[in-house]
Amino acid sequence: MKLVVLGFGQCGGRIADELARLNRRARTYRGIEIITGAYAINTDVADLSGLSTIKPDYQHRILIGGRKTGGHGVGKINELGAEIAREDSDKIIEAIRTTKRLFESDAFLLIASSGGGTGSGAIPIMTQLIKERYGDKPVYDVIVLPFEHEEQNEERAVYNSAVCLKSVSSVADATILIDNQRYIRKDSSLRNNLSLINQLIAEPFYNLLCAGEEKKGKHIGAKTLDAGDIIQTLSGWTVLGYGQTLLPVFSPLLKLRRQNFKNKSTETFNGMRAMDAAISELSMKCNTQDANRAMYLITAPAKETNMDLIKELADYLRELAPKAVIRSGDYPRKRGKLDVTVILSELDTVEKVKNYYDKSSTLTPVVQERQEEIKDKLKEMDEASKDIPTLL
Ligand SMILES: Nc1nc2c(ncn2[C@@H]2O[C@H](COP(=O)(O)OP(=O)(O)OP(=O)(O)O)[C@@H](O)[C@H]2O)c(=O)[nH]1
Ligand SMILES: [Mg+2]
């Protein structure tokens with residue numbers, strides 16, 4: 001599957017940069033292309049210059065709202081992020097138009113955090129405009145949710161998230177939810193290592209996008225999972241999971257073991273372990289039973305996958321998501337590793353999103369009142385200065 005990737009704000013830009021790196025990896029090690037164009041869009045010049053893989057010209061690192069913000073961001077005011085995106089949308093659309101293999105691309109992937117100002121304000125506006133312009137391609141939005149400590153200490157993070165999620169969910173073909181907090185569950189030192197979190201966020205996309213683009217026979221599985229399957233799976237609220245099991249590479253006994261029945265169960269066990277890890281490490285906590293569509297991809301040495309394993313994994317996922325239409329595929333790759341990528345989509349209940357909505361309905365009047373107060377105070381300042389001459 002080939003994507004056009006657009007990252008908005010600091011978080012979105014950095015994750016788009018990470019995906020651009022995955023594309024470089026796919027090109028170097030697998031000779032395939034998974035991203036046709038990668039763009040970062042921000043109101044902050046410093047954030048744009050801090051990226052490393054997205055091309056460093058103004059058409060790929062796009063500064064918006066330069067006049068309004070002086071290149072310093074919108075300070076978490078997502079209404080301003082939205083307004084600026086609308087005003088400068090031509091710049092972004094024009095950049096997309098020049099993407100070399102735009103017409104070969106299967107979909108757009110837009111990324112932003114929900115808690116900031118620029119990304120969370122710009123992403124719904126651009127999703128809508130891109131959909132209007134390129135109606136034949138789906139538009140998927142990746143939304144990164146704030147850390148717990150941010151939700152507790154900054155009511156703007158909760159309010160922005162609610163507004164962003166509501167807006168995005170009404171325009172995007174699917175909203176992929178990524179909860180920052182999930183990535184520091186096991187190791188809280190990661191909180192200060194956003195770049196490692198970004199790598200973990202991007203990783204599941206690697207095999208998922210590569211599988212359907214393979215041209216070499218030995219890497220084509222019994223059941224290929226291509227762009228069509230992914231498009232059929234992605235709809236509405238969505239989460240991703242990724243898990244892996246390391247396999248012994250040089251085992252003289254391996255060949256012998258493979259021939260007997262016992263070994264088959266070892267292979268199945270390895271696969272189940274990876275699937276287990278994928279499900280327990282979902283990008284956001286949810287109830288798997290709420291999924292109406294699901295998909296898994298198993299990437300492993302051809303000899304490590306067998307029909308038993310594929311069937312076992314399908315049965316396992318069916319138990320976890322009994323309502324879901326399940327699609328699956330296998331992707332034969334080199335020795336030493338077995339990994340499973342899972343998508344749970346069309347979730348009909350998402351507690352975390354509902355919580356943002358609940359908390360924000362009490363915050364909405366407070367935020368609006370505060371904005372009125374700011375306006376009143378500025379008016380007072382204007383009044384006080386009315387008899388003072390000006391130099392302009
Ligand atoms: N995973 C991840 N989260 C990030 C990263 N950078 C910021 N965040 C999260 O994103 C939220 C803040 O949004 P930003 O993306 O920094 O904001 P912005 O879109 O640039 O908007 P303004 O700076 O307000 O103009 C917080 O919840 C951060 O924890 C990143 O590189 N990776
Ligand atoms: Mg910023």
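**View 1. The residues around ligand 1 in this predicted model.** Welcome to the surroundings of ligand 1, where 22 residues gather around the ligand. Those that come nearest are K76, T118, G119, E150 and N198. Sorted by class, the shell around ligand 1 holds eleven polar residues, eight nonpolar ones and three charged ones.

**View 2. Polar contacts made by oxygen atoms of ligand 1.** Here we look at individual atom pairs. Start at K76, where a polar backbone atom lies 2.8 Å from an oxygen atom of ligand 1. At S113 the side chain takes part instead: one of its N or O atoms is 2.9 Å from an oxygen atom of the ligand. C11 offers a backbone N or O atom, found 3.0 Å from an oxygen atom of ligand 1. How much of the accessible area of ligand 1 does the protein cover? On its own the ligand has 640 Å² of accessible area, and the protein covers 92% of that.

**View 3. Ligand 1 in the largest pocket.** Step back a little, and you can see that the largest pocket is where ligand 1 sits. Which elements give two or more residues to the shell around the ligand? They are α1, spanning residues 9-30, α6, spanning 118-133, and α9, spanning 194-202.

**View 4. The space and lining of the largest pocket.** The largest pocket contains about 580 Å³ of space. Its lining is made of 34 residues, and Q10, C11, K76, S113 and G116 are the closest to the pocket centre. Two or more lining residues come from each of α1, α6, β5 (139-145) and α9. Helix α1 provides the largest share, with five residues. As for the classes, the pocket lining counts 15 polar, twelve nonpolar and seven charged residues. C11, K76 and S113 may look familiar: these residues also supply the atoms listed beside oxygen atoms of ligand 1, C11 and K76 through the backbone and S113 through its side chain.

**View 5. The largest cavity and its nonpolar lining.** Now we turn from the pocket to the cavities. How many cavities of 30 Å³ or more does the structure hold? There are two, and the largest has about 100 Å³ of space. Its lining consists of M1, L3, L109, Y140, I176, F205, L208, L209, I230, L234, L240 and I343. Polar or nonpolar, what are these lining residues? The twelve are nonpolar, with no polar and no charged residues in the lining. Helix α10, which runs over residues 204-211, gives the most to this lining, namely three residues.

**View 6. The second largest cavity.** Our last stop holds about 30 Å³ of space. The residues that line this cavity are I15, L19, I111, V142, I201, A202 and F205. Two or more of the lining residues come from α1 and from α9. By class, seven are nonpolar, and the lining has no polar or charged residues. Look out for F205, which appears in the lining of the largest cavity and also in that of the second largest.

Notes. Residues are numbered from 1 along each chain as its sequence is written. Chains are lettered from A and ligands numbered from 1 in the order in which they are written. This is a predicted model: local features need pLDDT of at least 70, side-chain atom pairs count only at pLDDT 80 or more; totals for chains, interfaces and linings use all residues. Side-chain values use heavy atoms; hydrogens and water are left out. A residue is near a molecule or strand if one of its heavy atoms lies within 4 Å of it. A polar contact is a pair of N or O atoms within 3.5 Å; within protein, one must be able to donate a hydrogen and the other to accept it, and residues adjacent in sequence count only if both atoms are side-chain atoms. Accessible areas come from the Shrake-Rupley method with a 1.4 Å probe; for residues, only the protein chains shown count as cover. On a 1 Å grid over the protein atoms alone, a cavity is a set of points where a 1.4 Å probe fits but cannot get out, and a pocket is an open set with protein on both sides within 12 Å along at least five of seven lines; lining residues have an atom within 4 Å of a point. A molecule sits in a cavity or pocket if more than half of its atoms lie within 2 Å of its grid points. Helices (H or I, at least four residues) and strands (E, at least two) are DSSP runs, numbered from the N terminus. Ala, Val, Leu, Ile, Met, Phe, Trp, Tyr, Cys and Pro count as nonpolar, Asp, Glu, Lys and Arg as charged, and the others, Gly among them, as polar. Grid points are joined across faces, edges and corners, and a volume is the space filled by probe spheres set on the points.
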